[in-house]
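Ready to practise reading a protein model? Work through the exercises below with the structure open beside you, and try each task before you look at its solution.

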Amino acid sequence: MKKCVATQEQLPKKDLIRVVRNKEGEVFVDPTGKMNGRGAYLKRSLEAIEIASKKGALKKALECEIPESIYEELKTYAK
């Protein structure tokens, strides 16, 4: 069980999308859930992605700026 940074819900890992910041400060969507780096989880829903974007939940969790392209990529994984 992991916690969504946007909705604060505890969900099974398979119901979440992982976003990773590596040592160089680059941010990636991690569909495998196994990339190295600091990870944050988002629920696989457009609602959670919108909340994360508006409130800066990913920015806080990963301690870096999140490019708009990451949010666009996350929307392709939403159910």
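## Exercise 1: The two sides of a strand

Leu16, Arg18 and Val20 point one way from S3, while Ile17, Val19 and Arg21 point the other way, and all are buried. Keep in mind that you are looking at a predicted model.

**Task.** Work out how many of the residues of S3 are buried, and what that says about its surroundings.

**Solution.**
- Step 1. Begin with the general pattern: side chains in a regular strand alternate between the two faces of the sheet.
- Step 2. Now look at the two sets here: Leu16, Arg18 and Val20 are on one side, and Ile17, Val19 and Arg21 are on the other.
- Step 3. A residue counts as buried when its relative accessible area is under 20%.
- Step 4. In S3, 6 of the 6 residues are buried, so the strand is largely enclosed by the rest of the structure.

## Exercise 2: Partners of S3

**Task.** Find which strands pair with S3, and say whether they run parallel or antiparallel to it.

**Solution.**
- Step 1. Strand S3 covers residues 16-21 and strand S4 covers residues 27-30; the two run antiparallel and are joined by 4 bridges.
- Step 2. Follow the facing residues: Arg18 stands opposite Asp30 in S4, and Val19 stands opposite Val29.
- Step 3. Look at the turn. S3 and S4 form a hairpin with 5 residues between them, and Gly25 in that turn has a positive phi of about 90 degrees.
- Step 4. Strand S5, residues 38-43, also pairs with S3 in the antiparallel sense, over 6 bridges. There, Arg38 is the bridge partner of Arg21.

## Exercise 3: A close look at Ile17

**Task.** Decide whether Ile17 is buried or exposed, and list what it is in contact with beyond its sequence neighbours.

**Solution.**
- Step 1. Place the residue: Ile17 belongs to strand S3.
- Step 2. Check its accessibility. Ile17 has a relative accessible area of 2%, so it is buried.
- Step 3. Leave aside the neighbours within four places in sequence. Ile17 is then in contact with Val29, Ala40, Tyr41, Leu42, Lys43, Arg44, Leu74 and Tyr77.
- Step 4. Add a distance: Ile17 and Ala61 are 44 residues apart along the chain, and their C-alpha atoms are separated by 14 Å.

## Exercise 4: Residues in the loops

**Task.** For Gln8, Glu63, Pro67 and Gly37, find which loop each one sits in. Then sort them by exposure, using over 50% for exposed and under 20% for buried, with partly exposed in between.

**Solution.**
- Step 1. Gln8 lies in the loop between strand S1 (2-3) and strand S2 (10-11). Its relative accessible area is 45%, so Gln8 is partly exposed. Gln8 is not a glycine, although its phi is positive at about 65 degrees.
- Step 2. Glu63 is found in the loop between helix H2 (57-62) and helix H3 (68-77). With a relative accessible area of 56%, Glu63 is exposed. Its phi is near 55 degrees, another positive value in a residue other than glycine.
- Step 3. Pro67 is in the loop between H2 and H3. Pro67 counts as partly exposed at 38% relative accessibility. From Pro67 to Ala48 there are 19 residues in sequence and 17 Å in space, C-alpha to C-alpha.
- Step 4. Gly37 sits in the loop between S4 and S5. At 43% relative accessibility, Gly37 counts as partly exposed. Setting aside neighbours within four places in sequence, Gly37 is in contact with Arg18, Val20, Arg21 and Asn22.

## Exercise 5: The whole chain

**Task.** Describe the order of helices and strands, then ask how the radius of gyration of the chain fits that of a compact globule.

**Solution.**
- Step 1. Count the elements: the chain has 3 helices and 5 strands. Along the sequence they follow the pattern β-β-β-β-β-α-α-α.
- Step 2. Compare the radius of gyration. A compact globule of 79 residues would have a value near 12 Å, and the chain has 11 Å, which agrees.
- Step 3. Add the extent: the C-alpha trace spans about 30 × 25 × 20 Å along its principal axes.
- Step 4. Look at burial and contacts. Of the 79 residues, 39% count as buried. Among contacts with a separation of 6 or more, 52% come from residues 24 or more positions apart.
- Step 5. Finish with charge: there are 17 positive and 12 negative side chains, and the centres of the two sets lie 7 Å apart.

Key
Residues are numbered from 1 along each chain as its sequence is written. This is a predicted model: local features need pLDDT of at least 70, side-chain atom pairs count only at pLDDT 80 or more; totals for chains, interfaces and linings use all residues. Side-chain values use heavy atoms; hydrogens and water are left out. Two strands pair if DSSP finds at least two bridges between them. The radius of gyration is taken over C-alpha atoms; the globule rule is 2.2 Å times the number of residues to the power 0.38. Buried means under 20% relative accessible area, exposed over 50%, partly exposed in between (1.4 Å probe, protein chains only). Contact means heavy atoms within 4.5 Å. Lys and Arg count as positive and Asp and Glu as negative; His and the chain ends are not counted. The place of a charge is taken as NZ of Lys, CZ of Arg, CG of Asp or CD of Glu.
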